[in-house]
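Reader: Hello! Could you take me on a close look at one part of this structure, and then show me how other parts compare with what you find there?

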Amino acid sequence: MATNGGDEPPILLAVRNLRKYFPVRGGLLSTHIGDVHAVDGISFDVRAGRTVGLVGESGCGKTTTGRVVLRLIEPSSGHVFYRPSAEQFDRLNQLYADLDVAARSGGNGASAPAGVLRELDQIATKSSIFRKRRSQMRTLRGKMQIVFQDPFSSLSPRLTIREIVREPLEIHKAGTRAERNQRVQDLMTSVGLNPEHLWRFPHEFSGGQRQRIGIARALALRPDFVVLDEPTSALDVSVQAQILNILKRLQQEENLAYLFISHHLSVVRAMAHDVVVMYLGQVVERAPTEELFTRPLHPYTQALLASIPIPDPTVKRERIVLSGEVPSPVAPPSGCRFHTRCPAVMPVCRRVEPRLQPSPQHPGHFVSCHLYHTPDEPADAPLGSGALAVPPAAS
Amino acid sequence: MSASASFPSQSPLPEPEAEAPAALDVAGAATSSPDVVLDVRGLKTYFYTYDGVVRALDGVNLKIRRGETLGLVGETGCGKSVTAFSITRLIPDPPGRIMEGRVLLRGSDLLWGLDKEARFKEVGKTGRYKIRRSYRRIQEAQRRMMAVRGSLISTIFQEPMLALNPVFRVWDQIGESLTLHRLPPTIDAMLAASTAAPELPEAVDRLVDAALHKDLPRIRAVSKEIGQLTGLPSLATEMFYAVRNPNLVGTEAIGREVQRCLRRVPLSGLQRSYLQRRRRIAELDQTLRRIYMTEMKEGKPDRRGRGFARARRRAVELGSLGYRLPGIRRHVKRPLDSELFWQAVGLLESVSIASPAQVASSYPHELSGGMLQRVMIAMALASDPEILIADEPTTALDVTIQAQILELMRALKSRVGTAILLITHDLGVIAEVADRVSVMYAGRMIETAPVRELFANPLHPYTQGLLASIPRVDDPNKKLESIPGSVPNLISPPPGCRFHPRCPHAMPICKEQVPPTTVEAPSHTVACFLYHGVEDRN
């Protein structure tokens with residue numbers, strides 16, 4: 001894994017092995033009959049002032065990820081490290097690599113070396129947001145904010161715009177009354193709204209204007225990390241461009257880091273520095289934006305890119321139309337979760353779950369697919385079943 | 001909110017000087033070329049609300065030729081969906097009213113008699129209007145539209161979940177469409193079908209043999225042949241899915257299945273007489289529709305014909321009362337239901353659903369959005385319509401599913417040859433599917449061109465802005481331009497060109513006059529003062 005180089009901005013968030021299962025209850029006594037594997041072991045980093053794009057189809061766990069990262073929902077397991085120091089971050093990567101090796105050789109987590117677990121626990125107590133107490137979490141919330149998808153339901157209809165934008169400042173007791181009002185004024189101008197709008201109510205605004213209000217509210221406390229949960233999917237294209245341009249400008253002015261959640265790949269390409277592609281709760285591919293869009297490796301990413309309609313009738317390109325639909329996250333398919341729809345499926349895909357590994361050509365490009373990595377057989381797999389005879393097909 | 005203060009003193013009635021409606025010439029229908037399936041001229045739809053009159057459509061013109069896909073693009077609230085609803089006259093009235101215009105469907109004016117349906121009277125000088133509607137005439141118009149909706153113009157809506165009835169199975173809902181539009185031929189086939197063909201036993205043997213070898217193409221071919229021999233095409237579908245079942249092993253089991261399918265062909269006397277009466281009712285219904293269509297074509301009422309048909313229909317309805325006893329009804333309805341079920345399966349097959357029999361017997365909530373949209377398409381195509389209106393058919397779907405549906409629409413386009421009016425806000429979808437594009441802004445058509453021409457050479461500043469504001473997945477370095485401001489309020493739209501407050505090239509004249517639609521290049525029309533082409537006289 002790439003270390004924290006001198007030219008790269010510092011790590012703001014390190015998400016590690018994050019899981020969120022929602023219990024499914026049913027049957028006679030509404031007992032626990034299964035889990036929705038909404039987010040199933042995902043890891044990525046967000047650097048200060050950079051944008052990470054989170055892409056996937058509906059139901060793949062994008063929104064859940066965004067909420068768990070902010071601790072709006074408690075995770076089932078995993079950690080989000082907030083502002084780990086460079087040494088901590090390097091150590092973390094080392095420890096997780098050790099855990100991974102142990103898990104693969106031992107078969108289950110119980111045999112993981114106790115020392116590794118203890119050290120991980122120590123780092124987590126220091127910087128994982130899930131170990132923070134209520135009061136600590138509250139101060140942290142000022143640094144981590146969210147802009148919601150639906151600008152119509154995320155603003156209280158009973159408050160004026162001024163009250164909506166000022167509310168975070170009041171909760172966090174930021175500055176004097178005059179300073180708060182000044183801050184609200186400044187925010188309004190910086191998101192391109194007229195200060196005279198302050199006395200109006202949300203229903204008097206169009207979708208684009210409401211989304212600007214949502215952005216102003218999120219930025220009120222000068223956060224350094226903002227989750228943008230499909231901020232433009234409810235808007236028209238001409239307004240979408242306005243919002244995207246505002247977001248870009250604010251990022252440069254305030255050195256904001258974004259987690260940009262979207263199902264719209266073209267928007268992500270315009271906004272993100274790094275892209276994480278999710279499928280059924282797992283990361284299938286992760287790479288710097290240019291790398292991902294020019295050389296998509298995972299068949300799912302390739303299909304996703306090919307299925308976006310390009311607004312240019314002269315462009316002719318290869319069409320990959322995936323068959324079928326996303327399987328249920330309650331009982332995800334065995335092996336690679338994409339194997340039921342994959343155009344390049346191999347027998348090994350049905351049995352062995354691929355791991356997210358760096359691609360041989362580009363170390364910053366992570367892909368989770370047997371096409372690129374020799375599948376490692378679980379230790380308890382019966383030998384001589386022919387699985388090892390399957391060569392890793394080069395693409 | 002006090003609305004009365006800010007009322008514009010404009011009349012809600014279309015101003016007579018605004019674009020002389022070309023529709024008024026009597027020979028209007030004859031002048032349009034025979035290829036034009038749908039010709040909309042000067043369509044105006046207003047909504048009378050407490051806040052004032054919303055001029056949702058203000059003189060919309062569009063033409064769709066046979067087999068063509070016309071894309072209709074625009075932002076939210078620009079009147080795309082109102083156009084679709086006005087064409088099928090599904091505008092809720094009140095508050096909406098189609099004010100004027102002509103919707104010519106193969107020469108029949110669907111808006112015939114519009115001027116007699118309501119009278120407008122201004123209340124003092126408040127800007128409010130009192131509308132006196134003639135409900136008898138509106139009802140009559142709605143009855144006429146029953147002849148058009150679903151059979152000549154089908155619509156696919158944006159939210160398939162809301163468009164399907166949650167308490168009926170899928171086949172039932174497709175079957176309803178078939179009952180309404182295709183019943184006489186279906187019943188004819190059922191009555192004529194027989195198992196007496198001398199080649200039939202031999203074909204059955206071959207089918208059993210093919211099923212034993214699990215040879216799908218051969219099963220398909222032989223079952224189709226049996227369908228032809230018995231004269232009942234849906235039987236082919238039924239047999240195919242009956243013997244295809246992988247759990248079916250052994251000659252006897254397969255033979256039993258085939259015989260079970262064949263058993264539904266011969267009908268009992270009671271069933272026959274029920275079907276004959278159903279057919280008569282359906283036929284009268286279609287006669288009535290033909291009369292309505294002729295009325296709309298000729299523009300004058302056909303009193304004698306309608307009264308005649310109504311009396312006949314009533315008589316037959318009374319005559320069928322005898323079959324409404326529960327036990328008999330179930331007995332006699334059964335063959336028709338299974339016929340409709342297998343026809344529905346055949347239709348679902350044609351929209352590339354992998355397990356159509358299973359989907360046909362599910363309820364809508366059991367299916368995913370993409371599957372439901374396919375069901376909607378199957379239902380819309382069941383009646384072989386002249387025009388398919390697709391109102392944002394893929395907006396609620398994921399990209400990979402959207403790609404599947406677009407692929408399906410492209411395939412259907414080349415196979416069925418139905419003209420499509422594709423309404424969407426996604427220029428990418430337009431670029432992939434449409435042949436021609438019309439761009440709408442604030443209730444007016446501002447530019448129409450063939451798809452390549454429009455993307456290569458957009459003329460109207462709004463179209464240019466729209467194209468510049470889309471992020472491109474294949475071009476990351478493109479700078480996103482945005483159009484300043486937002487869509488105007490249609491209660492008091494800007495005077496003159498409605499785009500002028502947001503237009504980078506606005507001139508003084510733009511504020512004063514409505515720009516005429518001019519022809520700039522072959523089949524490229526634009527409504528903007530920047531250009532000086534020949535005025536489009538339709």
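**The open sheet of chain A and its surroundings**

Author: Happily! In this predicted model, chain A has an open sheet of three strands, in the order β2-β1-β4, with antiparallel pairing. The edges are taken by β2 (31–47) and β4 (77–82) of chain A; each has a single partner strand, so one side of each is left without a neighbour in the sheet. On average, neighbouring strands here are turned by 20° against each other, direction ignored.

Let us go strand by strand. Strand β1 of chain A covers residues 11–26 and is joined to β4(A) by five bridges, the two running antiparallel. At one place along this pairing, Arg19(A) stands opposite Ser77(A) of β4(A). A helix belongs in the picture too: α1 of chain A (residues 62–69) packs on the sheet and touches β1, β2 and β4 of chain A. The direction of α1(A) makes about 120° with that of β1(A).

For a single residue to zoom in on, try Val36(A), which lies in strand β2 of chain A. Is Val36(A) buried or exposed? The answer falls in between: Val36(A) counts as partly exposed because it has 19 C-beta neighbours inside 10 Å, while 20 would be needed for a residue to be buried. Setting aside neighbours within four places in sequence, Val36(A) is in contact with Tyr21(A), Phe22(A) and Val24(A), and also with Pro329(A) and Val330(A). Take Phe22(A) from that list: Val36(A) and Phe22(A) are 14 residues apart in sequence, yet their C-alpha atoms are 5.0 Å apart in space.

How far can you trust the coordinates of this chain? The mean pLDDT of chain A is 85, with 91% of its residues at 70 or more. Two stretches call for care. Residues 1–5 of chain A stay under 50 in pLDDT, and the model gives them nine contacts beyond four places in sequence. Residues 379–395 of chain A are also below 50, with 18 contacts in the model beyond near neighbours in sequence. Where pLDDT is low, the predicted coordinates should not be read in detail.

Chain A also meets chain B: 35 residues of chain A are in contact with 37 residues of chain B. On the chain A side, the elements that give two or more residues are α8 (237–254), α9 (265–271), α10 (289–294) and α11 (299–306). The largest share of that side, seven residues, comes from α8(A).

Over in chain B, a strand makes a nice companion to the sheet. Strand β11 of chain B (residues 436–441) is mostly covered, with six of its six residues buried. Arg436(B), Ser438(B) and Met440(B) are buried on one side, and Val437(B), Val439(B) and Tyr441(B) are buried on the other. β11(B) pairs in the parallel sense with strand β3 of chain B (residues 69–73) over four bridges, and Val73(B) has Val439(B) as its bridge partner. With strand β12 of chain B (residues 444–450), β11(B) runs antiparallel over six bridges; there, Ser438(B) stands opposite Thr448(B). The hairpin of β11(B) and β12(B) has two residues between the strands, and Ala442(B) takes a positive phi near 50°.

Terms used:
Residues numbered from 1 in each chain as written. Chains lettered and ligands numbered in written order. Predicted model: local features only at pLDDT ≥ 70, side-chain atom pairs only at ≥ 80, totals over all residues. Pairing = 2+ DSSP bridges. Axes fitted to C-alpha atoms, helices over the stretch in contact; angles between N-to-C directions. Contact = placed C-beta atoms within 7 Å. pLDDT = per-residue confidence, 0-100. Buried ≥ 20, exposed ≤ 12 C-beta atoms within 10 Å, placed from the backbone.
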